[in-house]
Amino acid sequence: MQPTGPTQCVTLTWSAATAVQAMMLAAGRPGLAVRIQAEPGGRSGLRYQVSLDERQRSGDLIQRCLGIDVLIDATSAPLLEGAVLNHSVGGFNIDNHHARG
């Protein structure tokens, strides 16, 4: 996949990139991309979904971060601009200045 879009929308930490690579290997599909979606809701004002995806959809922003292809739909892109995807013992978490408290 070729990166699209003028800016780096989401940054992955090393721990997030390593977790995504482990998910790909566990699925037996090392060439997949990670899709990150955001929508209004949840306690912080935004709800997130992180999943593996094999296809680019029309309007997706595609970026490459630490060797991982990241897919973000056009609706989520403005909500995720400047966000950081991290991974810890509890799973993925997103540090996002667009979310409240």
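In the predicted model, I68 is in contact with L12, A17, V20, Q21, M24, V34 and Q63, neighbours within four places in sequence being left aside. I68 also belongs to the largest nonpolar core, which comprises 21 residues. Within this core, V10, L12, I68, I72 and L80 touch the most other members. Two or more residues are contributed by each of β1, α1, β2 (33–40), β4, β5, α2 (77–80) and β6. The greatest contribution is that of α1, which supplies 4 residues.

An open sheet is built from 3 strands, arranged in the order β1-β6-β7 with mixed pairing. The edges are occupied by β1 (10–12) and β7 (91–95); each has a single partner strand, so one side of each is left without a neighbour in the sheet. From one strand to the next, the twist averages 25 degrees. Strand β6, spanning residues 83–88, runs antiparallel to β7 and is joined to β7 by 5 bridges. In this pairing, N86 of the model is placed opposite N93 in β7. Helix α1, formed by residues 14–26, packs on the sheet and touches β1, β6 and β7. The direction of α1 makes about 65 degrees with that of β6. Helix α1 thus appears both as a packing element on the sheet and as the element that gives the most to the largest nonpolar core.

Charged side chains were examined next. The count of salt bridges comes to 6. One of these links E39 with R47, the closest N and O atoms lying 3.0 Å apart. Both partners are partly exposed: E39 has a relative accessible area of 42%, and R47 has a relative accessibility of 44%.

A salt bridge is also formed between D69 and R64, with 2.8 Å between the closest N and O atoms. Here D69 counts as buried, at 12% relative accessibility, whereas R64 is partly exposed, at 46%. A further pair consists of R57 and D53, for which the closest N and O atoms are 3.4 Å apart. In this pair D53 is buried, with a relative accessible area of 10%, while R57 counts as partly exposed at 33% relative accessibility. The cut-off for burial is a relative accessible area under 20%, and therefore D53, at 10%, is classed as buried. The pair formed by R57 and D53 does not stand alone, as a network of salt bridges links R35, D53, R57 and D60.

The backbone at L66 was considered separately. L66 has a positive phi of about 55 degrees, although L66 is not a glycine. This residue is found in the loop between β4 (61–65) and β5 (68–72). L66 is partly exposed, with a relative accessible area of 32%. The two strands that flank this loop, β4 and β5, are among the elements that give two or more residues to the largest nonpolar core. Among the residues of β5 (68–72), I68 and I72 are included in the set that touches the most other core members.

Terms used
Residues numbered from 1 in each chain as written. Predicted model: local features only at pLDDT ≥ 70, side-chain atom pairs only at ≥ 80, totals over all residues. Heavy atoms only, no water. Pairing = 2+ DSSP bridges. Axes fitted to C-alpha atoms, helices over the stretch in contact; angles between N-to-C directions. Contact = heavy atoms within 4.5 Å. Salt bridge = Lys/Arg side-chain N within 4 Å of Asp/Glu carboxyl O. Buried < 20%, exposed > 50% of the residue type's maximum accessible area, 1.4 Å probe, protein only. Core = buried A, V, L, I, M, F, W, Y, C linked by side-chain atoms within 4.5 Å.
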